[in-house]
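Q: Got a minute to look at a model with me? I'd like to talk through the ligand site and then the overall fold.

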Amino acid sequence: MKTLVIGSHGKIGRILCRKAAVYELPLRAMVRDTAQASELEGPAVEVVAGDLEGDFAEALEGCDRVVFTAGSGGHTGGDKTLLVDLYGAIRAIEQSEARGIEHFVMVSALRTDRPLEGPPAMRHYFVAKKLADDRLRASSIPWTILRPGRLTDTAGSGRVTTDVSRASGFDISRENVADCIAAALRQPSARGQVVDLLDGDQPIGEIFAR
Ligand SMILES: NC(=O)c1ccc[n+]([C@@H]2O[C@H](COP(=O)([O-])OP(=O)(O)OC[C@H]3O[C@@H](n4cnc5c(N)ncnc54)[C@H](OP(=O)(O)O)[C@@H]3O)[C@@H](O)[C@H]2O)c1
């Protein structure tokens with residue numbers, strides 16, 4: 001089983017690649033800039049070139065699963081939100097459908113189901129993430145949607161909460177998100193689940209138990 005990671009040189013993607021051998025997950029890391037390859041390559045990680053704004057169909061060749069953790073980032077404008085977070089995600093889903101991908105794990109965001117309740121400057125981003133999630137849910141491929149809160153660079157605790165109504169903060173460690181992605185890929189029960197994520201006290205290994 002090989003998993004294509006789209007957004008592999010991002011902060012979550014790099015943690016996934018660094019821990020690939022620990023997770024026992026063979027990964028293919030998609031990068032726009034092949035100069036990033038040496039940072040990602042390892043015993044369980046190979047690198048492929050691909051750009052969500054271009055042709056990346058070949059990157060999926062030989063992969064069974066896809067993780068989407070790409071993002072245009074807050075430093076770009078609304079045009080990139082459309083091209084990467086929305087249309088790039090939709091094209092990744094459509095190409096995964098065409099290839100019969102067995103599992104697609106989407107890193108979405110908390111509150112995407114209610115975009116108009118978000119801060120005005122972020123509503124277009126929440127709309128893009130919501131529409132991508134909606135497309136994935138309507139797709140023919142098994143999926144898991146992870147909806148983390150505000151991402152931090154603190155070390156992972158191995159524990160999160162999926163009940164955000166009871167959480168005191170709005171943060172989650174990127175390493176905890178990476179560990180949740182790996183758990184989703186490992187556990188068949190994760191398929192078909194939309195899971196909100198904040199740092200908490202539930203062991204990550206238990207969050208997809210039904
Ligand atoms: N920031 C938050 O608080 C927050 C909260 C909830 C959810 N999220 C979501 O979490 C995910 C990952 O977060 P992160 O902090 O790891 O993000 P990040 O560090 O900004 O990484 C984003 C990655 O996406 C890649 N990317 C951008 N445009 C691309 C394109 N056209 N083709 C291929 N790859 C492209 C970037 O590539 P380069 O390395 O080439 O730039 C980068 O590797 C995103 O989906 C984001 O929307 C973020």
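Q: Which pocket does the ligand take up?
A: The largest pocket is the space taken by the ligand. Keep in mind that this is a predicted model.

Q: OK, and which residues come nearest to the ligand?
A: There are 24 residues around the ligand, and the nearest are Gly10, Ile12, Ala70, Tyr125 and Arg174.

Q: What's the split of that shell into nonpolar, polar and charged?
A: Nine of the shell residues are nonpolar, eight are polar and seven are charged.

Q: Which helices and strands each supply at least two residues of the shell?
A: Those are α1 (11-18), α5 (123-137) and β7 (150-152).

Q: Now polar contacts. What does Arg32 do?
A: Arg32 has a polar side-chain atom 2.8 Å from an oxygen atom of the ligand. The side chain of Gln36 also has an N or O atom 3.4 Å from a ligand oxygen.

Q: And Gly71, which part of that residue lies 3.1 Å from a ligand oxygen?
A: For Gly71 it's a backbone N or O atom.

Q: How much of the ligand does the protein cover?
A: The ligand on its own has 930 Å² of accessible area, and the protein covers 81% of that.

Q: Switching topic: how many helices and strands does the protein have?
A: Six helices and eleven strands.

Q: How does the radius of gyration fit with a compact globule?
A: It agrees: the protein has 16 Å, and a compact globule with 210 residues would be near 17 Å. Along the principal axes, the C-alpha atoms fill a box of roughly 40 × 35 × 35 Å.

Conventions
Residues are numbered from 1 along each chain as its sequence is written. This is a predicted model: local features need pLDDT of at least 70, side-chain atom pairs count only at pLDDT 80 or more; totals for chains, interfaces and linings use all residues. Side-chain values use heavy atoms; hydrogens and water are left out. A residue is near a molecule or strand if one of its heavy atoms lies within 4 Å of it. A polar contact is a pair of N or O atoms within 3.5 Å; within protein, one must be able to donate a hydrogen and the other to accept it, and residues adjacent in sequence count only if both atoms are side-chain atoms. Accessible areas come from the Shrake-Rupley method with a 1.4 Å probe; for residues, only the protein chains shown count as cover. On a 1 Å grid over the protein atoms alone, a cavity is a set of points where a 1.4 Å probe fits but cannot get out, and a pocket is an open set with protein on both sides within 12 Å along at least five of seven lines; lining residues have an atom within 4 Å of a point. A molecule sits in a cavity or pocket if more than half of its atoms lie within 2 Å of its grid points. Helices (H or I, at least four residues) and strands (E, at least two) are DSSP runs, numbered from the N terminus. Ala, Val, Leu, Ile, Met, Phe, Trp, Tyr, Cys and Pro count as nonpolar, Asp, Glu, Lys and Arg as charged, and the others, Gly among them, as polar. The radius of gyration is taken over C-alpha atoms; the globule rule is 2.2 Å times the number of residues to the power 0.38.
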